[in-house]
Amino acid sequence: MERDYRMNKVNDLMLFESVILHCQMTHNISGTREALVAAQKDGLVDFYNQLTSAGRNLGQMPPDFFDQQAVH
């Protein structure tokens with residue numbers, strides 16, 4: 001049971017990092033704090049800095065999806 005909890009935390013962290021990366025690329029932001037604010041404005045992260053369902057879905061997109069977003 002404890003291992004599942006740790007795995008969920010690691011997975012959540014990876015999803016969160018993906019959301020921050022997405023916001024940095026789509027909003028042309030270099031800083032993490034600014035990307036977090038953008039993620040909150042976009043509804044990807046809530047007031048408590050927890051992923052929303054939209055943020056969780058975005059975080060599960062394949063990595064090449066973000067590369068395509070950066071090009072456009």
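A salt bridge is a side-chain nitrogen of Lys or Arg within 4 Å of a carboxyl oxygen of Asp or Glu. Keep that definition at hand for one stop on this tour of a predicted model.

**Whole chain**

Start with the protein chain in cartoon view. It contains four helices and zero strands, so no strand will turn up on this tour. Read from the N terminus, the order of elements is α-α-α-α. Of the 72 residues, 28% are buried. The chain exposes about 5400 Å², with carbon and sulfur atoms supplying 54% of that area.

Next, colour the chain by pLDDT, the predictor's confidence in each residue. The mean for the chain is 85, and 76% of the residues reach 70 or more. Where is confidence lowest, and where is it highest? Helix α4 (residues 63-71) is lowest, at a mean of 61, while α2 is highest, at 97.

**The salt bridge**

Select Asp12 and Arg56 and show their side chains. These two meet in a salt bridge, with an N to O distance of 3.0 Å. Asp12 belongs to helix α1 (residues 2-26) and Arg56 to helix α3, so the pair links distant parts of the chain, 44 residues apart. Side chains of opposite charge can pair when their charged atoms come close. By the rule given at the start, the count for this model is one salt bridge.

Are these two residues buried or exposed, or something in between? Asp12 has a relative accessibility of 28%, so it counts as partly exposed. Arg56, at 30%, also counts as partly exposed.

**Leu51 and its surroundings**

Now select Leu51, in the loop between α2 (32-41) and α3 (53-59). Its relative accessibility is 15%, and it therefore counts as buried; the cut-off for buried is under 20%.

Which residues does Leu51 touch, leaving aside those up to four places away in sequence? They are Asp12, Leu15, Phe16, Val19, Leu44, Val45 and Arg56. Both partners of the salt bridge, Asp12 and Arg56, are in that list. For a distance to check in the viewer, take the C-alpha atoms of Leu51 and Leu13: they are 9.8 Å apart in space, and the residues are 38 apart in sequence.

Move to Gln50, which is found in the loop between α2 and α3. With a relative accessible area of 48%, Gln50 is partly exposed. Beyond residues up to four places away in sequence, Gln50 touches Leu44 and Val45. The C-alpha atoms of Gln50 and Asp12 lie 9.2 Å apart, with 38 residues of separation in sequence.

**Helix α2**

Select α2 and look down its axis. Ala35, Leu36, Ala38 and Ala39 are buried here. The buried residues fall within an arc of 160°, so they line one face of the helix. An α-helix has 3.6 residues a turn, so residues three or four places apart point the same way. On the other side of α2, Arg33 and Lys41 are exposed. Just after the helix, Gly43 takes a positive phi of about 80°.

**The nonpolar core**

Last, select Val19, Cys23, Ala39, Leu44, Val45 and Leu51. These have the most contacts inside the largest nonpolar core, which has 13 residues. Which elements give two or more residues to this core? They are α1 and α2. Two earlier stops reappear in the selection: Ala39, buried in α2, and Leu51, from the loop between α2 and α3.

Definitions and conventions:
Residues numbered from 1 in each chain as written. Heavy atoms only, no water. Buried < 20%, exposed > 50% of the residue type's maximum accessible area, 1.4 Å probe, protein only. Contact = heavy atoms within 4.5 Å. pLDDT = per-residue confidence, 0-100. Arc of directions from axis to C-beta. Core = buried A, V, L, I, M, F, W, Y, C linked by side-chain atoms within 4.5 Å. Areas by Shrake-Rupley, 256 points an atom, 1.4 Å probe, with all protein chains shown as cover.
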